[in-house]
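Subject: A structure for you to look through

Hi there,

Here is the structure I promised to pass on. Have a look at it first, and then read on for what turned up.

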Amino acid sequence: FVLQYPSNDIFNPGLYDYSLDFYIIRNTNNINEYIMGSMNTNYNGFYIHLSDNAVCVTYMTGVSPDSARKIIRGNKRIYDFMEHHIAISIKEGSMRIFIDGVLDIVSPLDTGVYGIDSSFVIGNAGSSDFSFYGFISNVRIYKGISRWAENFERPVLRDYFKNSLFGLYNV
């Protein structure tokens, strides 16, 4: 099951404060999995993925198709099949990735963060080799607001979400 939204600038952070958070539970130990974003067949765009089991954000540095691609790779590896809260925040020219409320990496942004003119997709990159296998839930996007700048108490996923977790599952 994959959710797809038509191309819309709301999903591209651009030059502004931005926050995005969600929960994942992995059902496989594939080391490279696409979680969400907008990406073309050349893997250009703005998207969140696991690479070598680390949370990464890949983005274009401009709005043209020939813009450079930049990857911000977290340090913590997610090997287990447990629930994790992932948060990404852009504020004052820096991107931060948090895992379970703990700051994983801060990276300065030398340009705005841009995607491509493509649909925003959750859970699948159009290739079964790069799809996310597991659950994704409670996706929240805040354009114009940076919610996290330092460690925070991990939000509690309420039991009714845990017991009937609506998510994305690929088989």
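Phe46 has a relative accessibility of 3%, and because buried means under 20%, Phe46 counts as buried. Its ring partner Tyr18 is buried too, with a relative accessible area of 1%. The two ring centres are 6.0 Å apart and the planes stand at 85 degrees, so Tyr18 and Phe46 make an edge-to-face pair. Try following the chain between them: Tyr18 is in strand S2 and Phe46 in strand S4, 28 residues apart, so this pair links distant parts of the chain.

Before going further, please keep in mind that this is a predicted model. The mean pLDDT, the predictor's confidence, is 79 for the protein chain, and 75% of the residues reach 70 or more. Take care with residues 164–171, where the pLDDT is below 50. That stretch still has 28 contacts in the model beyond near neighbours in sequence.

**More aromatic rings**

The count of aromatic pairs comes to four. One of them joins Trp148 and Phe152: the centres are 5.3 Å apart and the planes are at 25 degrees, so this pair is stacked. Trp148 is buried, with a relative accessible area of 6%, and Phe152 is buried as well, at 18%. Together with Phe98, these two residues form one aromatic cluster.

**The chain as a whole**

How many helices and strands does the protein chain have? There are one helix and 11 strands. Along the sequence, the pattern is β-β-β-β-β-β-β-β-β-β-β-α, so you will meet the strands before the helix. Of the 171 residues in the protein chain, 51% are buried. Among contacts with a separation of 6 or more, 67% are between residues 24 or more positions apart. The chain exposes about 8,400 Å², and carbon and sulfur atoms supply 51% of that area.

**The nonpolar core**

In soluble globular proteins, nonpolar side chains tend to be buried together. Here the largest nonpolar core has 27 residues, and Phe22, Met36 and Ile48 touch the most other members. The elements that give two or more residues to this core are strands S2, S3, S4, S5, S7, S8 and S10. S2 gives the most, with four residues.

Met36 is a good place to zoom in. Which residues does Met36 contact, leaving aside neighbours within four places in sequence? They are Leu20, Phe22, Tyr47, Ile48, Phe120, Val121, Ile122, Ile136 and Val139. Apart from the largest core lies another one, of five residues, including Met39, Tyr47, Val121 and Phe130.

**A buried histidine**

Last, find His49 in strand S4. Is His49 buried or exposed? His49 is buried, with a relative accessible area of 6%. The side chain of His49 makes a polar contact with the side chain of Thr58, at 2.8 Å. Not counting residues up to four places away in sequence, His49 touches Glu33, Tyr34, Ile35, Ala54, Val55, Cys56, Thr58 and Phe130. Phe130 is also among the residues of the five-residue core.

Happy exploring, and do write back with any questions!

Best wishes

Key:
Residues are numbered from 1 along each chain as its sequence is written. This is a predicted model: local features need pLDDT of at least 70, side-chain atom pairs count only at pLDDT 80 or more; totals for chains, interfaces and linings use all residues. Side-chain values use heavy atoms; hydrogens and water are left out. A nonpolar core is a set of buried Ala, Val, Leu, Ile, Met, Phe, Trp, Tyr and Cys residues joined through side-chain atoms within 4.5 Å. Buried means under 20% relative accessible area, exposed over 50%, partly exposed in between (1.4 Å probe, protein chains only). Contact means heavy atoms within 4.5 Å. A polar contact is a pair of N or O atoms within 3.5 Å; within protein, one must be able to donate a hydrogen and the other to accept it, and residues adjacent in sequence count only if both atoms are side-chain atoms. Accessible areas come from the Shrake-Rupley method with a 1.4 Å probe; for residues, only the protein chains shown count as cover. Rings of Phe, Tyr and Trp (its six-membered ring) pair if their centres lie within 6.5 Å; planes under 30 degrees apart count as stacked, over 60 as edge-to-face and the rest as tilted. pLDDT is the predictor's confidence in each residue, from 0 to 100.
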